[in-house]
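Want to work through a protein model by asking it simple questions? Have a look at the picture first, then try each question yourself before reading on.

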Amino acid sequence: MSIAASLPITAIHDEARNLDRGKVGLICLILTEISLFSIFVTAYLFFIGKSATGPQPADVLTVPIWATICLLSSSVTAELAVRGLRANAKGRFQLFLGLTILLGAEFLRQTAMEWNKLINTDHLTIATNVFGTTFYSLVGLHATHVVIGLLLLLLVLLLSLGGAQMHKHERRFEILSWYWHFVDVVWIVVFTVVYVIGL
Amino acid sequence: MASISYPIEEGHPAVRKRAGFWASFVDEWIFTVDHKHLGLMYIIIALLFFVASGLQGALIRIQLMYPNNDFLSPQVFNRMFTMHGTTMVFFVGMPFIAGLANYLVPLMIGTRDMAFPRLNALGFWLTLFGGILLYSSYFAWTGPAGTGSAPDVGWFAYAPLTEKAFSPGSSTDFWILSILMSSTGSTVTAINILATALCLRCKGMTLARMPLLVWMFCVVSFQILVALPPLTAAQVMLLFDRFLGAHFFDTNATGDAVLWRHFFWLFGHPEVYILIIPGFACVTEIIPVFARKPIFGRAAMIGASVSIGVISLGVWAHHMYTVGLPSRANIFFAVATMLVGVPTGIKIFNWIATMWGGRIRLRTPMLWCTAFLFQFLLAGLTGIMLAVAPFDWQLGNSYFVVAHFHYTLIGGLLCTLFAGVYYWFPKATGRMLSETLGKWHFWLLIIGFHVTFDPLHFAGLLGMPRRIYTYPAGRGWEGFNLFSTWGVAIQAVAILIFVWNVLDSLIRGQKAGNDPWDAWTLEWGTTSPPPEYNFAVLPEVRSSRPLWDLKHPEDPDWKYEQS
């Protein structure tokens with residue numbers, strides 16, 4: 001007790017001196033997600049050209065240019081939303097956040113239409129061959145991440161429309177935007193693997 | 001802050017509690033987000049699963065005691081070794097290290113809790129319910145007598161045995177889902193440890209002054225984040241195979257069984273370092289205190305830990321020499337595996353150099369550390385032998401491998417964990433463990449361990465394969481197996497003494513005081529057990545041994561340490 005009592009007295013913890021725990025936590029999450037995606041990407045690359053029966057990628061896949069444009073530009077609008085929040089411009093923040101959500105939703109709609117065509121017209125399911133197996137797993141894993149990101153962004157938008165003081169949570173929203181950028185960058189990798197190398 | 005006295009008085013709003021036994025029980029052990037409670041809960045469930053898994057191990061050894069024994073049926077034997085391995089890795093090893101990290105990291109870096117306390121609770125409950133899910137398999141389908149639907153595909157679950165065609169029913173699904181659940185828990189815990197160590201260190205604690213235990217847990221957390229997803233991914237793929245008819249590991253439809261082994265060992269090998277580095281961490285904190293010297297080669301220790309963390313990610317295929325990889329791959333993985341021996345050797349050298357010339361106090365924690373040094377060295381040497389691909393072609397999948405990894409995990413890890421328990425028990429409970437019972441526990445466990453596992457090296461060298469439920473007489477294996485099973489009985493007595501020691505000392509143990517070992521790290525600067533808020537006033541440090549500085553103001557460390 002005497003030692004404890006004689007420990008030098010200092011102010012309570014100052015976050016300014018140290019790293020932001022939210023940012024460190026999200027970077028750790030991204031690290032582990034990169035590892036997860038790497039395994040699915042490895043499996044995709046490993047199984048390219050190994051399907052004994054059709055359909056093969058070249059027979060059925062078309063390059064999703066429009067979906068890619070939507071998703072990549074949603075990163076720009078997300079960043080603009082962060083800047084709007086930082087400038088305490090509520091209208092600008094809500095506008096760009098809404099745009100981000102719309103662009104993300106359009107990406108998902110494109111994916112849904114692609115899958116609908118593949119399943120109903122081309123008769124390619126996850127059980128058809130190893131191409132189907134790896135395609136639906138990799139693209140599906142990414143789409144799952146888009147869905148999670150969209151739900152979180154939507155939550156923020158609803159809170160903001162409901163009158164929450166979002167500029168007080170600027171740091172949190174910035175961290176969420178990092179996650180969204182990560183999902184975009186993963187799409188560039190998935191796009192390259194599935195629609196460039198694999199085609 | 002400076003106006004609050006130490007410790008904070010009863011009735012202060014910061015320490016107000018709900019009244020009544022059940023209300024306070026629920027607050028302290030169910031709804032808690034306190035890192036110390038969660039840490040202890042992790043260790044308690046690890047010990048419970050340890051007993052369950054130890055019993056499975058004992059049943060395996062009883063079956064193998066005599067040739068042509070029929071104590072267990074082949075089916076039950078398969079379930080036993082699968083559950084034994086799975087439990088020891090995922091529900092004993094992982095919760096134990098998570099518990100140590102939870103309890104010690106915030107105290108050692110001088111803060112009040114982990115960075116994300118609620119995430120911490122989530123990690124614990126995911127781990128516990130993962131374990132409960134795994135064990136509920138015993139009660140599924142045919143019930144306890146036939147040991148239910150317990151998994152029977154080995155803890156490595158090699159494809160294509162795990163495909164629906166070869167493993168119908170739900171046993172493999174229990175294995176997949178329970179581990180998926182606890183892996184998620186481990187991942188969030190790893191994120192939490194890194195965020196805590198990087199963001200919440202007290203004033204003056206630079207990374208260079210951070211305790212080595214915290215450093216090593218950072219390395220472990222990094223490894224968990226990078227190495228656990230391959231298992232998670234592979235398990236998700238296996239679920240797709242089993243439930244959606246996908247073909248990842250389905251060799252009938254151009255799937256690939258070797259791919260599973262790559263993914264599994266891409267996780268599995270770093271996993272053994274994830275388990276042993278926390279052991280190193282305990283030893284690194286304990287040896288200096290009982291040798292009365294600062295750790296030798298602090299910077300080298302950090303460098304060695306980080307390099308083990310990185311190199312271990314690139315050695316997985318040494319578990320796959322017998323698959324028939326190309327020679328170039330075999331050479332690469334043999335060299336990489338031997339390379340891990342270098343930083344490990346540096347560490348063993350540093351621990352011995354710390355003891356060299358010190359005034360060694362051979363109390364129970366130090367005894368465990370000393371045994372660890374000898375046994376882990378031997379385990380490392382058989383590891384180097386197995387790293388040589390041609391040697392492994394001969395002895396891979398033999399009892400030599402079983403003896404090797406039990407040497408690392410019992411002779412190495414378990415000894416260090418017991419060292420940690422004897423060392424930090426006074427801090428967590430306020431009472432000392434009995435030294436006399438501790439020495440009985442130590443010597444019986446060490447003798448039992450050697451009687452059990454030394455002969456298995458020879459059984460392996462004579463060609464006894466792993467995972468067989470029985471063997472014919474006349475191959476020269478009988479004596480070794482009989483000897484080995486008797487060793488288990490000695491170990492069981494040792495564990496019973498340990499359990500008795502814990503229960504007895506909790507009630508009647510000698511009062512510990514704040515700092516029974518005259519140690520130097522911050523956790524010994526608060527009360528035993530520490531209050532909920534750890535430190536009424538957050539400390540400020542100027543060297544890597546802050547309590548030394550306080551006790552020896554005339555000769556503090558910060559005069560000599562480079563900052």
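Below are some questions and answers on this predicted model.

Q: How many helices and how many strands are there in chain A?
A: Let's walk along chain A from the N terminus: the elements run α-α-α-α-α-α-α. That pattern fits the tally for chain A, which is seven helices and zero strands.

Q: What radius of gyration does chain A have, set against a compact globule of 199 residues?
A: Start with the box: the C-alpha atoms of chain A fill roughly 75 × 45 × 25 Å along the principal axes. A compact globule of 199 residues would come out near 16 Å. Chain A, though, has a radius of gyration of 22 Å.

Q: Over which residues of chain A is the pLDDT below 50?
A: Overall, chain A averages a pLDDT of 91, and 91% of the residues score at least 70. One stretch needs care, though, even if it has 30 contacts in the model beyond near neighbours in sequence. Where pLDDT is low, the predicted coordinates should not be read in detail. The stretch of chain A with pLDDT below 50 is residues 1-16.

Q: Which element of chain A gives the most residues to the side that touches chain B?
A: Here 37 residues of chain A are in contact with 45 residues of chain B. On the chain A side, the elements that give two or more residues are α1 (2-6), α2 (21-47) and α6 (130-161). The one that gives the most, with 13 residues, is α2(A).

Q: How many nonpolar residues does the side of chain A that touches chain B have?
A: Sort that side by class, and you get eleven polar and three charged residues. The remaining class there, nonpolar, has 23 residues.

Q: Which helix gives the most to the largest nonpolar core?
A: The largest nonpolar core has 204 residues, and B:Val214, B:Phe217 and B:Trp368 are among those with the most contacts inside it. The top giver, with 21 residues, is a helix of chain B spanning residues 212-244, namely α6.

Q: Which residues does B:Val214 touch, not counting those up to four places away in sequence?
A: B:Val214 is one of the residues with the most contacts inside the largest nonpolar core. Leave out residues up to four places away in sequence, and B:Val214 touches B:Val105, B:Met108, B:Ile109 and B:Ala197.

Q: Why does A:Asn88 count as exposed?
A: First find A:Asn88 in the loop between α4 (65-86) and α5 (90-120) of chain A. Its phi is near 60°, a positive value in a residue other than glycine. A residue is exposed if 12 or fewer other C-beta atoms lie within 10 Å of its own. A:Asn88 counts as exposed because its C-beta neighbours inside 10 Å number 11.

Q: How many other C-beta atoms does B:Asn397 have within 10 Å?
A: B:Asn397 also has a positive phi, of about 60°, although it is not a glycine. You'll find B:Asn397 in the loop between α11 (389-395) and α12 (399-429) of chain B. B:Asn397 is partly exposed, and its count of other C-beta atoms within 10 Å is 13.

Q: What is omega for the cis peptide bond from B:Ser528 to B:Pro529?
A: Most peptide bonds are trans. B:Pro529 sits in the loop between α14 (478-508) and α15 (546-551) of chain B. The bond from B:Ser528 to B:Pro529 is cis, with omega near -10°.

Methods
Residues are numbered from 1 along each chain as its sequence is written. Chains are lettered from A and ligands numbered from 1 in the order in which they are written. This is a predicted model: local features need pLDDT of at least 70, side-chain atom pairs count only at pLDDT 80 or more; totals for chains, interfaces and linings use all residues. A nonpolar core is a set of buried Ala, Val, Leu, Ile, Met, Phe, Trp, Tyr and Cys residues joined through C-beta atoms within 7 Å. A residue is buried if 20 or more other C-beta atoms lie within 10 Å of its own, exposed if 12 or fewer, and partly exposed in between; C-beta atoms are placed from the backbone. Helices (H or I, at least four residues) and strands (E, at least two) are DSSP runs, numbered from the N terminus. Two residues are in contact if their C-beta atoms, placed from the backbone, lie within 7 Å. Ala, Val, Leu, Ile, Met, Phe, Trp, Tyr, Cys and Pro count as nonpolar, Asp, Glu, Lys and Arg as charged, and the others, Gly among them, as polar. pLDDT is the predictor's confidence in each residue, from 0 to 100. The radius of gyration is taken over C-alpha atoms; the globule rule is 2.2 Å times the number of residues to the power 0.38.
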